[in-house]
Amino acid sequence: MTSPKQVLTKIFCDDPDQRLETRNDDYPSEKLIVDAVSATLDDHPSVWVNQEVNLWSQKASQNGRLVKPQEALRELGHPLQPDIDLLCGKLTSEGRRPPFVGIEAKYFGKYKGIDDYQLLPKRVDPDGNPMGGYYSGLGQALSLVSMGLDFVYLWHVFEIREDIFAFDSSDGKLDREMIAHHRDILTTYTDQVIEILREYDLPIGYFAHGLVPKYENRLLRIASYPREDIKTSSNDSDTPIRKLLSQTILE
């Protein structure tokens with residue numbers, strides 16, 4: 001049976017635009033890309049998926065009531081942060097099974113710059129305000145590792161808008177030099193993330209894509225570091241958070 005990790009790698013690396021159904025939206029967002037992956041995985045016969053898993057809600061579900069913050073933190077020994085953008089695992093004839101695979105998604109939908117070169121991607125918050133650099137989501141991904149998930153991935157998506165490119169006034173064509181600058185910046189961003197993961201041997205895989213709103217939110221693969229050998233520490237396999245997820249999501 002195909003593993004959830006193999007399914008994700010195929011979706012993200014093998015023609016993602018054909019595999020991920022991103023709806024038409026003039027104002028793409030983080031929710032758009034998370035919805036796309038969730039819908040794609042939900043249609044796969046061997047994978048289950050939950051979107052925006054909130055640990056406080058899971059704890060309330062387990063107890064049948066809301067739990068005071070101090071009680072939950074004392075019992076679980078974890079801040080119960082962040083929400084898990086996407087949590088998936090193996091679907092069998094007997095129902096939902098591990099492994100627990102978590103994805104932390106970050107969408108870069110704004111651009112800043114120097115001297116009119118608006119080419120530096122910034123992550124945006126739910127209200128569209130720029131708030132983070134190339135390292136966005138790395139801390140959250142590390143927190144997912146601490147929960148006892150089996151595999152964790154960080155996913156960056158960079159909006160690629162036509163208006164960030166300059167036009168040559170003589171023939172109306174895109175400025176090829178500006179395109180090269182933009183490509184180099186995205187490569188530097190993604191290479192640096194991969195270098196951090198590799199240098200410190202962090203148990204986190206990484207995928208990066210560009211999203212083009214003008215062409216029906218087409219997805220273009222920029223970088224991938226799927227880490228075929230990736231697995232979080234077996235010492236974390238029995239954490240209280242993992243037990244909580246097993247009881248509320250698998251059962």
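**Group meeting: strands and salt bridges**

Okay, let's start with a hairpin: E2 runs into E3 through a connection of 2 residues. Before I go on, keep in mind that this is a predicted model.

So, E2 covers residues 84–92 and E3 covers residues 95–114, and the two run antiparallel with 6 bridges joining them. If you want a spot to click on, go to Lys 90, which has Arg 97 of E3 opposite.

Now stay on E3. What comes after the turn at Asp 115? That's E4, and E3 and E4 make a hairpin too, with 2 residues between them. Asp 115 sits in that turn and has a positive phi, about 55 degrees. E4 is residues 117–124, and 5 bridges hold E3 and E4 together in an antiparallel arrangement. Here the pair to look at is Tyr 111, with Pro 121 of E4 standing opposite.

E3 also pairs with E6, residues 151–159. Parallel or antiparallel? Parallel, over 8 bridges. Tyr 107 has Val 157 as its bridge partner in E6.

Right, on to the charged side chains. How many salt bridges does the structure hold? There are 11, and I'll walk through some of them.

One of them is Asp 35 with Lys 31, where the closest N and O atoms are 2.8 Å apart. Both residues are in helix H3, residues 30–42, and they're 4 residues apart, about one turn of the helix. Buried or exposed? Asp 35 is buried, at 18% relative accessible area, whereas Lys 31 is exposed, at 52%.

Next, helix H7, residues 176–199. Glu 195 and Arg 198 meet there in a salt bridge, at 3.9 Å from N to O. They're 3 residues apart, so again we're talking about one helical turn. Glu 195 is partly exposed with 34% relative accessible area, and Arg 198 is partly exposed as well, at 47%.

Last one: Asp 201 and Arg 227 form a salt bridge, with 3.5 Å between the closest N and O atoms. This pair links distant parts of the chain, 26 residues apart. Asp 201 is in the loop between H7 and strand E7, while Arg 227 is in the loop between strand E8 and helix H8. Which end is buried and which is exposed? Arg 227 is buried, at 10% relative accessibility, and Asp 201 is exposed, at 55%.

That's my tour, thanks.

Technical notes:
Residues are numbered from 1 along each chain as its sequence is written. This is a predicted model: local features need pLDDT of at least 70, side-chain atom pairs count only at pLDDT 80 or more; totals for chains, interfaces and linings use all residues. Side-chain values use heavy atoms; hydrogens and water are left out. A salt bridge is a side-chain nitrogen of Lys or Arg within 4 Å of a carboxyl oxygen of Asp or Glu. Buried means under 20% relative accessible area, exposed over 50%, partly exposed in between (1.4 Å probe, protein chains only). Two strands pair if DSSP finds at least two bridges between them.
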